[in-house]
Amino acid sequence: MRQAIHNLEASRIREVANAGIGRADVLAFWFGESDELTPEVIRRAAIASIERGETFYSHNLGLGELREAVAHYSRTLRPAAAAAIGVDRIAITSGGVSALMLAVQLLVDAGDDVLAITPVWPNLTAQPAILGAQVRRLSLTPSGGQWTLDLDALRASVTARTRLLIVNAPNNPTGWTLTHAEQQIILDHCRSTGTWILADEVYERLYYGDDNGDVDRACAPSFLDIASENDRLVVAHSFSKSFLMTGWRLGWLVLPPGLIDAMGKLIEFNTSCVSVFTQRAGIAALQHQEEITPRVVAHLRRCRDTLLPLLAGLPGVEVASPRGGMYAFFRLDGCSDSLVTAKRLVSDVGLGLAPGNAFAPEGQGWLRWCFASKEPQRLVDGVERLARWLKP
């Protein structure tokens, strides 16, 4: 076994879930997915494709119809950048996880310096480590439950030696988002150092606005809004969250045009292609996105606004309302080991949360609660269980 693989830590989220899976009494909020079914119009498109016999290989980069639909969707979300987002920049992947791993394989050699903004979903730091890169972390700073980025610290950390900067915003687990002004500072600095940016923007549509009342945007600010097509920027997306398609494993990358052929080669040697019927489901999702995604976001806002006040009202809980994503990330007084606490919550009161230290050492003492629940009452019931566990 390679030493890099030996050194990998198993997912602490899975460790907690494995302790509770199979128990009918557990309210599970540990994974990052809704418990709502994929919309019927999407399911029907896949069924129709299978019935037509579309069960063969497809193009490495994806069906032409889906690539064009993704490009059109991206241009619709960001009209200012419309001319720069063509089908020649789109690669369809077997999920957002695959998109991210392919991007890292494309850009990172063993020994390269990689910087990740954390806390963050653990796959984003594990993937470059698997390839033998030297992964450093720059932590967001918590204050009153809200997390912010120190831009001066970022500029000091990203040097000419830094091959890749990994940015996930809206962020899993904290809900932190970037403004366009902050993105411009980051982009300008990375241009000066020659550093690539890998932007995980999977949660861009799950956006609830900023402190200035910006609640009308269709998506969170994106690096694609301000970057040129030849900037050292790769952006990863997924159908999982905004279209309720986690199990379908369908995502995409937006790349500089000069890298698209190389990405096709990488996809061939990783997964070969995405199944055609899954891609047909993606086309249907984009065709009906105005019926699907705004409803999903409105429901998630309701879930967020149900959960957060209840959590904030508990003694010893520090939490802030996230501007994006689908998680409440909260600090719990007396929680010295997030993994132990999460396991005890499962065993003692049947409440399944993700341990904060799964996302970075600075997440120690924090817990992540996925509030994407079809029935908001489940969130209320979960808080009642947490309150019961907190009582002396």
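Which residues of β15 are buried on one side, and which on the other? Select Trp366, Arg368 and Cys370 for one face and Leu367 and Trp369 for the other; all are buried, which here means under 20% relative accessible area with a 1.4 Å probe and protein chains only. The model is predicted, so local features need pLDDT of at least 70 and side-chain atom pairs count only at pLDDT 80 or more, while totals for chains, interfaces and linings use all residues. Residues are numbered from 1 along each chain as its sequence is written, and side-chain values use heavy atoms, with hydrogens and water left out.

**First stop: the sheet around β15**

Widen the selection to residues 366–370, the whole of strand β15, where five of five residues are buried. Strands here are DSSP runs of E with at least two residues, and helices are runs of H or I with at least four, numbered from the N terminus. Next, display the open sheet of four strands, ordered β11-β12-β15-β14, in which the pairing is antiparallel; two strands pair if DSSP finds at least two bridges between them. At its edges stand β11 (317–318) and β14, each with a single partner strand, so one side of each has no neighbour in the sheet.

Select β12 (residues 327–332), which is joined to β15 by five antiparallel bridges; tyrosine 327 has cysteine 370 as its bridge partner. On β14 (residues 354–355), two antiparallel bridges lead to β15, and proline 355 is partnered with leucine 367.

Now add the helices. Helix α11 (residues 289–312) lies across β11, β12 and β15 and runs at about 5° to β12. Angles run from 0 to 180 degrees between N-to-C directions, with axes fitted to C-alpha atoms, for helices over the stretch in contact; contact means heavy atoms within 4.5 Å.

**Second stop: the seven-stranded sheet**

Move to the open sheet with strand order β2-β10-β9-β8-β7-β3-β4, whose pairing is mixed. Its edge strands are β2 (90–93) and β4, each with a single partner strand, so one side of each is left without a neighbour in the sheet. From one strand to the next, the twist averages 20°.

Select β2 with β10 (residues 251–254): the two pair in the antiparallel sense over four bridges, and isoleucine 90 stands opposite valine 254. Helix α4 (residues 64–77) packs on this sheet, touching β2 and β10, with its direction at about 115° to that of β2.

**Third stop: the largest pocket**

Finish at the largest pocket, with a volume of about 1200 Å³. A pocket is an open set of points on a 1 Å grid over the protein atoms alone, where a 1.4 Å probe fits and protein lies on both sides within 12 Å along at least five of seven lines; lining residues have an atom within 4 Å of a point. The volume is the space filled by probe spheres set on the points, which are joined across faces, edges and corners. Select Ser11, Ile13, Trp121, Pro122 and Asn123, the closest to the centre among the 43 lining residues. Then colour α2 (12–20), α5 (96–107), α6 (123–130) and β4 (134–139), the elements that give two or more residues to the lining. The largest share, five residues, comes from α6.

Terms used
Buried < 20%, exposed > 50% of the residue type's maximum accessible area, 1.4 Å probe, protein only.
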